Amino acid sequence: MIRRELAILALVFGLAATTQAQSADKQWHAFPQPKSAPAGAPNVLLIMTDDVGFGASSPFGGPIATPTFAALAASGLRYTQFHTTAMCSPTRAALLTGRNHHAVGSGVISDMSTDQDGYTSVIPDNAATIGEVLLESGYATAWIGKNHNTPQWENTPVGPFNHWPNAMGFDYFYGFNAADTDQYAPALIENRNAIDPPKQAGYILDRDLADHAVHWLDVHHSLTPDKPFFLYLAPGSAHMPNQAPADWIAKYRGRFDMGWDTMREMTFARQKALGIVPKDATLTPRPDAIPAWNALTDDQKRVYAREMEVYAAQLAFADDQIGRVVTELKATGDYDNTLIVYIQGDNGAAAEILDGSRNYAGTFGGAVESAHEMLAHLDELGGPRSSGLYPVGWAWGMDTPFQWAKQVASHFGGTRNGMVLSWPGHIPHGGELRTQFHHVIDIAPTIYEAAHIVPPAAVHGEKQQPLQGVSMLYSITNPDAPSTHRSQYFEMLGNAAFYQDGWIASTTPIRLPWAANPMPGAKEHAWELYDMRSDFSQADNLAARYPDRLKTLQAGFMEAAKANQVLPLDDSFITRFNPDNRPSLFGNRTHFTYYPGATRYSDKAFPSLRKDWRIDAELDVPNASADGTIVVQGDRFSGWGLSLAKGTPRFIYRIGDRAADLTEIKGPAPLTPGRHVVGVAFAPVSGGALVTLTVDGAAAASATVPKLGQAEQGDVYVGRAGAIPLTDDAAAAASAGDAGLRRMDVTVGAPK
């Protein structure tokens, strides 16, 4: 009997094996077929760093070593006339869509969006991203790093998610949805979910991003090695806060003691030696508003040099981590079939705090430190207890040889960035330069041509805007070919320019990038004129000599402005940051209820506290010495919070991280175990705001604080501490504490 059963089993398994062998090549035609990329389509690695000037990195003559960028340049091509838009969200929208930034609703960063078609921060459905087109063409897609292209009011735990990376054509997203984040405690998002940073010794974001990029590539290679991938790698470096590992900062110790004037001259000399700028180029002079290095005090020189050391270390470390991704491509064998586009910066260097800062949130909120004060914290700069930015002199130095910096779209200091294109087997002579005029909108057409993809007329049923960029592939084999990108408009915050066939008309800025208001006496923009064929650095203003040509270019700008939703021009600044200018998840609601839990709420998922407000927290206090967070917004650099400290209610409000920037209000005694309602009311008074702490409906303590909007920004945690504490003491910082929070009601408007 047993022999018979074994024989039957053998027959069954034999037939199954035969059937499996016969159907091994079956295509399963009755099932939906996956999309296949065009034959010969390469992998694509698109890299964009943040706030890096043309003259910052070593391949473009700068003082900061970027070996990965340099190695790709040695085997690829450096483009010396490549342009961005002058700020990050607009550049990234233009990069991803292949259209001008205003044409896709991104005329300014999302934090400053307005109710004008070109400025909403909403990329329309008729401007599909590279991710969408490549995904529909059979690619695997991932976006790792910074996303600053989701409208602020949609950046909430409940979305809507149709302008998040997953909905913009990316299978996988890991990074952050904001202009910036802390390198040591980032506000991480994985796909659509807010997650806490890993609790590991020595954690830093740029390494984490590289880890995730490498892992994503490994999984892709393991499961679908024949399917091409598109990886968009966008670290937040070197945007503020400038932070880097201590050993990397040490590598640059003393390297910037010469100051920004001498550094700029040294960079210019290297640029000429490398051929990055022509031998007859002129180094533009330092603006009067930026102090000469030799005019600084010794304290200023020490602090400012260290701040630049931190910035350099951050960019160098980011490049090193990008190098890990390139190394992984070589290890898996994918490198030889990968088109790599490495754009060093999304605009010029950031000239946004005149004297630099150890805590940029505090500085913007009015808590300004002197260099002498910062000197006491010199060795903290770049570490987790700092959140700073260098002085504007360094930004000017890193934008060598041009005028101006980030925000200023009229001049190349704000819009010209180093770019390297690498494509093994397709570039005959690696290490060469390309001088054709190109713009960030040209990247998408370049990728499409390389992938043998014709941009679809419709995506998801939506008729598409025409691409406005042109492919750059012609320049690979023809270094002397004239540029196919013959004209381009620029505009940001009222600063404007129009380029055509080697000439550019540029407005003279009336507001300095680090100032909230126009310069005294400034009324309207004057126009300048430059012949870029003989004046690489925009040094010789020819407006008076060629008024007719200037008028022609001005007319060209107006024509482009009308066609791209640029008008009306708006040079306002501070008023654009007002959240009341934008839609809100909450509409006209004035009352909100929150519950304790693991959710991290963005400040757009919490009511704006720029007006009168009140919080009432219902507690079930577990014991008379309970510690725990009730609610906290922000962190030690700027923020506020309500907690129990050894059973006593405590409210903290801080506009900076110094002792003088902190106001603490405590109840008179610990709460007894059981039910209580702890409240805090915030009402304007002369010179600030009156904060009243209440316990079970009775006023317990009060104090006056500066009413500055910066302290009412940042992520919100309910019933738990944030990733960065408000204070160092255990009661405020401990996330393990339990205040017994049951629910929390927030009322905006006149307090009770």
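## Terms and model

Buried means under 20% relative accessible area, exposed over 50% and partly exposed in between, with a 1.4 Å probe and protein chains only. The structure is a predicted model, in which local features need pLDDT of at least 70 and side-chain atom pairs count only at pLDDT 80 or more, whereas totals for chains, interfaces and linings use all residues. Residues are numbered from 1 along each chain as its sequence is written, and side-chain values use heavy atoms, with hydrogens and water left out.

## Strands β24 and β25

Helices (H or I, at least four residues) and strands (E, at least two) are DSSP runs, numbered from the N terminus. Strand β25 (residues 662-666) has a covered face formed by Thr663 and Ile665, while Leu662, Glu664 and Lys666 make up its uncovered face. Strand β24 (residues 648-654) runs antiparallel to β25 and is joined to it by five bridges; phenylalanine 651 has isoleucine 665 of β25 as its bridge partner.

## Helix α5 and its packing

Helix α5 (residues 205-223) has 19 residues, which at 1.5 Å a residue should span 27 Å, and this agrees with its end C-alpha atoms being 27 Å apart; the expected span is 1.5 Å times one less than the number of residues. Its buried residues include Leu205, Leu209, Trp216 and His220, and the buried residues of α5 pack against β4 (140-147), β5 (172-177), β6 (188-190), β8 (229-234) and α8 (298-332).

The axes of α5 and α8 lie 9 Å apart at an angle of about 10°, and the two helices are therefore roughly parallel to each other (angles under 35 degrees count as roughly parallel, over 145 as roughly antiparallel, 65 to 115 as roughly perpendicular and the rest as oblique). Among the residues that make this contact (heavy atoms within 4.5 Å) are Arg207, Val214 and His221 of α5 and Phe317, Arg324 and Leu329 of α8. By class, the contact comprises eight nonpolar, four polar and six charged residues.

## The four-stranded sheet and alanine 544

An open sheet of four strands follows the order β15-β16-β17-β18 with antiparallel pairing, where two strands pair if DSSP finds at least two bridges between them. Its edge strands, each pairing on one side only, are β15 (487-492) and β18 (527-531). Five bridges join strand β17 (residues 503-507) to β18, and isoleucine 504 has tyrosine 530 of β18 as its bridge partner.

Alanine 544 lies in the loop between β18 and α15 (547-563) and is exposed, with a relative accessible area of 77%. The C-alpha atoms of alanine 544 and leucine 529 are separated by 8.4 Å, and these residues are 15 residues apart along the chain.

Notes: Axes are lines fitted to C-alpha atoms, for helices over the stretch in contact, and angles run from 0 to 180 degrees between N-to-C directions. Ala, Val, Leu, Ile, Met, Phe, Trp, Tyr, Cys and Pro count as nonpolar, Asp, Glu, Lys and Arg as charged, and the others, Gly among them, as polar.
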